[in-house]
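Please work through the exercises below with the sequence and the model side by side, trying each task before reading its solution.

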Amino acid sequence: MVATLPITVTLRPEKRGTFFAHHPWVLAKSLVPVRESVPPGSVIDLVLPDGRWVARGLYNGDSRIPVRLYTWNQEEE
């Protein structure tokens, strides 16, 4: 099995503090629009505009809550 890197999704600058409190839902309005096609259920890395890692979650672009975070530990898959 070939490991793939998570896709990077970026928070809008004004939303950066919210997700360090371990809130698991990321609303679409909190994200910079994703330019690439991301299949539902894909693992994503949520990052700040400067590229700093925040958390990892699952993506569904068809939802009002497109990112659901499941870990704030970058070493966890």
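Three exercises with worked solutions follow.

This is a predicted model, in which local features need pLDDT of at least 70 and side-chain atom pairs count only at pLDDT 80 or more, while totals for chains, interfaces and linings use all residues. Residues are numbered from 1 along each chain as its sequence is written, and side-chain values use heavy atoms, with hydrogens and water left out.

**Exercise 1.** Describe the secondary structure of the protein chain.

Solution. Begin by counting elements: the chain has 0 helices and 5 strands, where helices (H or I, at least four residues) and strands (E, at least two) are DSSP runs numbered from the N terminus. Then read their order from the N terminus, which is β-β-β-β-β.

**Exercise 2.** Determine whether D45 is buried or exposed, and find its partners.

Solution. First place D45 in strand β3, residues 42-47. Next, take its relative accessible area of 11%; because buried means under 20% and exposed over 50% (1.4 Å probe, protein chains only), D45 counts as buried. Finally, list its contacts (heavy atoms within 4.5 Å): beyond four places in sequence, D45 touches P6, I7, T8, V9, W53, A55 and R56. The side chains of D45 and R56 are also joined by a polar contact of 2.6 Å, that is, a pair of N or O atoms within 3.5 Å, one able to donate a hydrogen and the other to accept it, where residues adjacent in sequence count only if both atoms are side-chain atoms.

**Exercise 3.** Which strand gives the most to the largest nonpolar core?

Solution. Start with the core itself, a set of buried Ala, Val, Leu, Ile, Met, Phe, Trp, Tyr and Cys residues joined through side-chain atoms within 4.5 Å; the largest has 14 residues, and I44 and V67 are among those with the most contacts inside it. Two or more residues come from each of β1 (7-10), β3, β4 (53-59) and β5 (67-71), and β4 gives the most, with 3 residues.
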